[in-house]
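Q: I am new to this structure and would like a close look at a single part, the pairing of strands in a sheet, followed outward to what surrounds it. Please take it step by step in one connected answer.

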Amino acid sequence: MSLNAETACRVFDVQRFSIHDGPGIRTTVFLAGCPLRCAFCQNPESFRPDAADLMTPRAIIAEVLKDRDYYAVSGGGLTVSGGDPLLHVAPVRALLEEARRNDLHTCVQTSGAVPEANLAAVLGLVDLFQLDLKHMDARRHRALTGASNERVLRAAAFLAERGAAVQFRMPLLPGVNDDDENLGALARFLAGLSVHALELVPYHRLYLDKYASLGLEPRLRDLQPPSAADRERVVDRLRRHGVAARIEPL
Amino acid sequence: MPLHPKNAAQKERLLRAEHWLCMERARFYTEAHRETEGQHPSLCAGRALQRVLENMTIRIEPDELLVGNRASKRIAPPIAPERGDFTFVFEHLFDDLKAFGYRIDPRDERLLFEELIPYWKGKTVRDAKIVALKERGLSSHLDVSPKELRRKLRSFGVRKLLRLVDDGAAEGVGERSVARVRRAVRLASHLPRLARAVRAGAGDNLKGRGRCTDTQAHIVLGHEKVLSLGFSGIREQARARKDRATDDGERAFLDAVEIVCDAMRAFSERFAALARGEAAETSDPARRRELESIAEACGRVPWLPPRSFAEAVQSMWFTQNAAIISYGAGSGITPGRVDQLLHPWFSADVASGALDRAHALRLLEEFVIKLNDNVVIWPNIGGVQLNHLGSDVENITLGGVDAQGDDATSELTSLFIEALGNTNLATTASFRVSKGSPRDYVRQVVAVHRKTNSPAFLNDETAIAALVRDGYSLEDARQYCLVGCVEPSGNGDTYGATGGSKVYFPSALDLVFNRGKTTFFGSQDGVDTGDPAEMRSFDELLAAFYRQLESMVEWVTEATNLRDAIWAERFHNPLISCTIAGCIERAMDMTAGGARYNFGSVGGGGLGTVVDSLAAVRRFVFEEKALTMDELREALATDFRGREGLRRRLASGPRFGNDLQEVDDLARDLVDRFCAMVSARKTFCGGRYKASLISYGLNVYEGALEPATPDGRGAGEPLSNSMSPSNGAERRGPTAVLNSLSRIDQTRIGYGNSLNMRLPLGILRSDKGVESVAHLVRAYFDKGGFHVQFNAADTATLRAAQKDPAAYADLIVRVSGYSAYFTRLGRRIQDDIIGRTELSPCH
């Protein structure tokens, strides 16, 4: 089959039996390309779209459908991750349309640092967005990710206003974004959107090997995962601010 | 609720107990047998068991609420010398047992070697079997001519051949050190003994490298019958049947049943008297009350039906114990559906207020601990070591549907789950799952893996369909229990001998490449299916493979029938028989065909290894033409020496377990054809054979005799286990593995298959992880899967346990349908378990 250059997806991994990327058992498709360059990025493969495989949406969905029976039992489905899958909207839209045709539950993980038009283009095709709020301070967000958080916050508001199902997440980076000031700002922002829940994604170091194998230098070589005390403190702090935070147990 | 302190103390004593060889069962049985020689085999067996039960040492341990022991020491397998498997090990590998830590009283040692072994020489099942196999030309002759020795040396290499006889010695080869010399000396000192053992053991080997053990067994006892009638009622049934007896054989069997029923009464009354005596002596009033209850219960059960939950558990334990004493250890005698069996008494006592949850849990914990009061006796062959607590698998079945097809899980099922978690021993527990099982049930069992690795999941829909296909009524099929590892069998109505006879699929390929010889034995076992180099298509190779497999199935079933005839002629078991539906009705011992349902089994080993091998030949020889059959044969015959590149290439081929249709179809066809070959064969009693795909953890040992295979597996390396993909073959995660296995019609595998999976690292920490594993089980079963079990320990933990066994003494892993203490397994089994693909951290 010939590849349509418009809708071919640059896939750098397909992860079956994903259980932390949305409800139930899922297959996560990782698309290359990202508007951000996060210091703690766990998928540095996404920086190099040329190294990814070009696949048609139909071929990807055929792979995803192999685990259809597990989605049916668990309420799972397809998760599109990255990079940021919404950076190039035509391929992801085609992929989500193909998923719709096959009655797959769809989840999209986005940085939010994409044009509003890209969000609008997939709005009706996505059952659940997962959006990361990495830092509430624009300057520190830029230091951490290479870009201001302005677009991210607008995207959050845009999705909330349109009534999209959004799960907000924050990567928990000890000493980077877990201070009271940031947590307070985060809670106020969520309250403004009438959101009261947050998923905390604890930082881990397992990805550091990937950098070595790609010949890249990780920027947060010394950052440690949150301790039990860190986790407890952050969850507690957020609760006082009216936010119910969930975190995977140690 | 945590483990009851009295049970914690009992568990501690169990874990610290010494392993002993006790000769009481062997001695009393032999004495009686000497006196009854020439009489009907049922009578000989009945009298012999009576002698044992009336004379063996009995005792009540501190803190016990349930009583009944099997030998003069806490951990001492009842030894049945008439089978010949024990005496073989004693005669040839006694030092190994001692080295492992078994102790024996010097008087017992003299008795064993001066009286018992000489008396049984030539009379045992094993001895008669070896004679019969030779007469019928079914045993494989170990060819040690210079030419064949050279061939073995080329195919296996010195190291791998040495590893067969001494695990440690092989490591020394090639080392330049003092240790090397020391090891060589040690090996040399073992050689004469080992050579004798190999010669004596070789008579046991079937053509085509098949295996047929000396024992049959693997039986679900008729506990339900004993609970409802008591042995008094069974005795009455036998007496009434005698009025209609038509010959002396029937009368002899029924007489024997009456003898063993009386012996069971005498046995329990000995305990009643002992408990009364201890009650009178103790100064602790609480313990006195307990001992008085024990005395009262033992005065009643199993002779009469129980009146309470505690008496019901006690009754089961007596019957279970006596049955294992009667058959000897290593017999896979199964309690069955314990939650179903005990439920009437549980619910009545709870309703009347006589029983609270805490006391029920305490009794169940103690019962579970006692299910681990056993060991089998195995020499350490090639690093295989299975002499751990609980290894004489007394599999308990929980959950599932009742005879009407309704879900039968209950509060008692939950209590058993709690007891398994609390005791954290290597109990083999099988959890039946049906479409009607409560939502939370599977999740609850998955969550128990946080505490222990012992549960397995079984699919009712697949098992029941398989049993009905094999001739069970739907009602009987629904009552199935798991025997041994994962073999579904009727509930107290079947004589099924589910374990013991086996063929290895890779041997069929070996026979093709060597034109009717196996590399290890080297004798002309089977037909010459032609020169592989002349084969022009993959289908031609496949046809030759199936032709060889067909012969192997023929040999193993004929051998098994010869063995079964010996049991029927010489060694009956009226105790177990009288609990099994059909035997009293037909006035016939189970070994002679008395049970309502009769089956035999043939296991198939190394499915993943052979499927990967066939797929590699198809791709690299016939499709890509990257090498010729001749080159492949040469590479296999030299264990890929100097051909590492080729070996890697072959190993990189498509593998079973990755959701690849074309490979999975090979597996599906192989299983279909194997099951058809097996079920076309008739047992000695006229039942049919059923296939299984289980490895009992022996895949390591089985692989030790198998030359290199076309999947890139080196000579002597483990075969794939059970129906699992080969170690390291799976690359696409658990759903891909399950999809591959679901392509096989598992209802055809009458005696079951097992899939051993290691869970993704850390998955059980979160509730989502637990739920997801439960969903995996559900989805697999919706797709027709039969069995799955999980090991939750990660590689780092297992490696640490290898380094510091003492600190990890209670680390339990699933081996193959049963559980074991990791640190007590042989090094090579440990490595094999570590090698089972650990799924990476979940995303």
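A: In this predicted model, B:T397 has B:S430 of β6(B) as its bridge partner. That pair belongs to the ladder between strand β5, residues 396-399 of chain B, and strand β6, residues 429-433 of chain B, where four bridges join two strands that run parallel. Strand β5(B) also pairs with β4(B), again in the parallel sense, and here the pairing rests on two bridges. In that pairing B:G336 stands opposite B:I396 of β5(B).

These strands belong to an open sheet of six, which follows the order β4-β5-β6-β7-β15-β14 in chain B and has mixed pairing. Its edges are β4 (336-337) and β14 (756-758) of chain B, each of which pairs on one side only.

Turning from the sheet to the nonpolar residues, the largest nonpolar core has 255 residues, and those with the most contacts inside it are B:V257, B:V260, B:V313, B:V611 and B:V777. Helix α11 of chain B, residues 248-281, gives this core its largest share, 13 residues. One of the core residues named above, B:V313, touches B:L66, B:L342, B:L363 and B:F367 when residues up to four places away in sequence are left out of the count. A second core, separate from this one, has 55 residues, among them A:M136, A:A155, A:V166 and A:L173. As a general background, nonpolar side chains tend to be buried together in soluble globular proteins.

Helix packing can be followed in chain B as well, where helix α20 (residues 505-513) and helix α24 (residues 607-623) pack with their axes 7 Å apart and at an angle of about 40°. That angle makes α20(B) oblique to α24(B). On the side of α20(B) the contact is made by B:F505, B:P506 and B:L509, while α24(B) brings B:L607, B:T609, B:V610 and B:S613. Of the residues in this contact, five are nonpolar, two are polar and none is charged.

Chain B also meets chain A, in a contact that takes 21 residues from chain B and 19 residues from chain A. On the side of chain B, the helices α29 (733-742) and α30 (767-782) each supply at least two residues, and the largest share of that side, eight residues, comes from α30(B). The residues on this side of chain B divide into six nonpolar, eight polar and seven charged.

Chain A has an open sheet too, with nine strands in the order β3-β1-β2-β4-β5-β6-β7-β8-β9 and with mixed pairing. The edge strands of this sheet are β3 (53-55) and β9 (244-247) of chain A, each pairing on one side only, and the twist from one strand to the next averages 30°. Within the sheet, β7(A) pairs with strand β8 of chain A, residues 197-202, in the parallel sense over four bridges, and A:M170 has A:L200 of β8(A) as its bridge partner. Helix α6(A) lies across β6 (128-132) and β7 of chain A, running at about 155° to β6(A). In the loop between α6 (150-161) and β7 (166-172) of chain A lies A:G163, which is exposed because 8 other C-beta atoms lie within 10 Å. From A:G163 to A:L220 there are 57 residues in sequence and 36 Å in space, taken C-alpha to C-alpha.

Terms used. Residues are numbered from 1 along each chain as its sequence is written. Chains are lettered from A and ligands numbered from 1 in the order in which they are written. This is a predicted model: local features need pLDDT of at least 70, side-chain atom pairs count only at pLDDT 80 or more; totals for chains, interfaces and linings use all residues. A nonpolar core is a set of buried Ala, Val, Leu, Ile, Met, Phe, Trp, Tyr and Cys residues joined through C-beta atoms within 7 Å. A residue is buried if 20 or more other C-beta atoms lie within 10 Å of its own, exposed if 12 or fewer, and partly exposed in between; C-beta atoms are placed from the backbone. Two residues are in contact if their C-beta atoms, placed from the backbone, lie within 7 Å. Two strands pair if DSSP finds at least two bridges between them. Axes are lines fitted to C-alpha atoms, for helices over the stretch in contact, and angles run from 0 to 180 degrees between N-to-C directions. Angles under 35 degrees count as roughly parallel, over 145 as roughly antiparallel, 65 to 115 as roughly perpendicular and the rest as oblique. Ala, Val, Leu, Ile, Met, Phe, Trp, Tyr, Cys and Pro count as nonpolar, Asp, Glu, Lys and Arg as charged, and the others, Gly among them, as polar.
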